[in-house]
Amino acid sequence: MRQEASTSIEDLPYTAAVAAATQPILDRLRGVIPEVEWPLHAPYIHRIEQLKRDRNAVILAHNYQTPEIFHGVADLRGDSLSLAMEAARTEADVIVLCGVHFMAETAKILSPDKTVLIPDLRAGCSLAESITGEDVLALRERYPDTPVVTYVNTSADVKAESDICCTSSNAVQVVESLGRDRVIFLPDEYLASYVASQTDVEIIGWQGRCEVHERFTAEEVRGYRRAIPDLVVLAHPECPPEVLAEADYVGSTSGMANYVTEHSPEHVAMITECSMSDNVAAENPETEFIRPCNLCPHMKRITLKRILRSLETMEHRIEVEREISIRARSAVERMLEVGRGSGG
Ligand code: 13P
Ligand code: SF4
C-alpha cells in the first residue's frame with residue numbers, strides 16, 4: 001500500500017481542474033445541494049478521491065450521510081445490512097466507514113485483517129448505548145433456553161452474547177429462521193413491536209429507542225396526508241407503532257429508497273432521518289419529496305473534512321478484542337446466511 005505525505009486540509013483551493021473533475025457529481029446533485037456551496041465541497045471530494053487510490057481505500061456510506069458524501073465520495077452505499085455485506089467482501093486494504101460506530105465495528109468484525117477507519121469516534125447511536133453485554137447475560141438467566149436476536153445497532157460486546165444479529169431489512173426473516181416459539185429481541189422496543197406484528201413468534205423486548213425516529217408522531221403524518229391526499233408515506237420500523245400504522249410501506253433505509261425507484265410516486269414522505277430524502281431525490285428527480293426530517297446528530301459528525309483527515313492520518317482505527325470479535329462475528333455471519341429480507 002502506497003502512503004503519501006500529509007497535506008494541509010485548511011487551504012484546499014477550488015481550481016479549474018477541481019471544477020472540471022467534479023462537474024459530473026455537481027450535475028447529479030443539482031437541486032439537492034445549492035450550487036454556491038459547491039466550491040466548498042469540491043476540493044475535498046477531489047482530494048479524497050486521490051487519497052483513496054493512494055491508500056487502496058474504499059468508502060462505505062450509510063443512506064443517512066449527506067449528499068456530498070453519499071454521492072460525492074462513497075464507493076458503496078446502502079443500509080446497515082448492505083454495508084456489512086460489502087465490508088465482508090471488499091478487497092481494499094482500508095475501509096472508511098461513513099456512518100456510526102456500530103457500523104464500523106461490524107465492518108472490523110467481518111474484516112479483521114483490514115484497517116477500518118471512522119472519521120469521528122463520537123459518532124454513536126442511542127440504541128447501541130441502551131444495552132450492555134451484561135444486560136444480555138441477565139436476560140439469558142431470566143429466560144433460559146430462549147434465543148437472543150440482536151439488532152446490529154449494538155456494540156461488539158452485545159453481539160458477542162447474542163445468537164444471531166439482524167437489521168431492519170431482515171428482522172422478521174431472522175426471527176422466523178430460528179424456528180422457535182419465543183425469542184429475545186434487542187434492543188429497539190419499536191422494531192421489536194413491529195416484528196411482533198408481523199410474526200406469530202412471541203417477542204421479548206428491551207427498552208432501547210432511536211432518538212431520531214421516536215420523535216415522529218402519527219398526528220404529524222396525518223397532517224401531511226391532509227395537505228397532500230395522494231401522498232405515499234414510507235416509514236422506518238424504528239418509528240413508534242402509531243406512526244407505522246399511518247404508513248403505506250415500512251422498511252429499512254434501502255427498502256424505502258428502492259420503493260421510490262420502483263414505484264415512482266408523485267409525492268412521497270420518508271419518515272426517517274433528513275438526508276435520506278436528499279439522497280433519494282438526487283436519483284428520482286420526477287418524485288416530489290415532502291421532507292419531514294429529524295437529524296441524527298451522530299451521522300452528522302461525519303463530514304468531508306473529517307473523511308479527508310481520516311485518510312491522511314489513518315485515524316480513527318477501529319479495534320475489537322479478538323475473543324469478542326470471534327463470538328460477535330458468528331452472530332453477524334449467522335445473519336448473513338439467512339440473507340436479505342423483504343424489507344430491504
Ligand atoms: P438501516 O439498517 O435501515 O439502514 O437503519 C440503520 C439505522 O441506524 C436507522 O436509524
Ligand atoms: Fe442510531 Fe437512530 Fe442515529 Fe440510526 S438514526 S444511528 S438508530 S440514533
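Let me start with ligand 2, which in this predicted model is surrounded by 13 residues, the closest being Val-100, Cys-125, Cys-210, Val-212 and Cys-296. If we sort the residues of that shell by class, 7 are nonpolar, 3 are polar and 3 are charged.

Where does ligand 2 lie with respect to domain 1 and domain 2? Residues from domain 1, which covers 16-125 + 299-313, and residues from domain 2, which covers 134-211 + 321-338, both take part in the shell, and therefore ligand 2 lies between these two domains.

That brings me to the division of the protein chain, which, besides domain 1 and domain 2, includes domain 3, made up of residues 213-290. The centres of domain 2 and domain 3, taken over C-alpha atoms, are 26 Å apart, and the contact between them involves 11 residues of domain 2 and 14 residues of domain 3. On the domain 2 side of that contact, the residues divide by class into 4 nonpolar, 4 polar and 3 charged.

Let me turn, finally, to a sheet. As a reminder, strands of a sheet pair through backbone hydrogen bonds, and the pairing may be parallel or antiparallel. Here, 4 strands in the order β10-β9-β11-β12 form an open sheet with parallel pairing, and its edges are β10, at 249-250, and β12, at 288-290, each of which pairs on one side only. Looking further in, strand β9, residues 232-235, is joined to strand β11, residues 267-271, by 4 bridges in the parallel sense, and if you would like a place to look in the structure, Leu-234 stands opposite Met-270 in β11.

Methods
Residues are numbered from 1 along each chain as its sequence is written. Chains are lettered from A and ligands numbered from 1 in the order in which they are written. This is a predicted model: local features need pLDDT of at least 70, side-chain atom pairs count only at pLDDT 80 or more; totals for chains, interfaces and linings use all residues. A residue is near a molecule or strand if its C-beta atom, placed from the backbone, lies within 6 Å of it. Ala, Val, Leu, Ile, Met, Phe, Trp, Tyr, Cys and Pro count as nonpolar, Asp, Glu, Lys and Arg as charged, and the others, Gly among them, as polar. Domain bounds come from an automatic or database domain assignment. Two residues are in contact if their C-beta atoms, placed from the backbone, lie within 7 Å. Two strands pair if DSSP finds at least two bridges between them. Helices (H or I, at least four residues) and strands (E, at least two) are DSSP runs, numbered from the N terminus.
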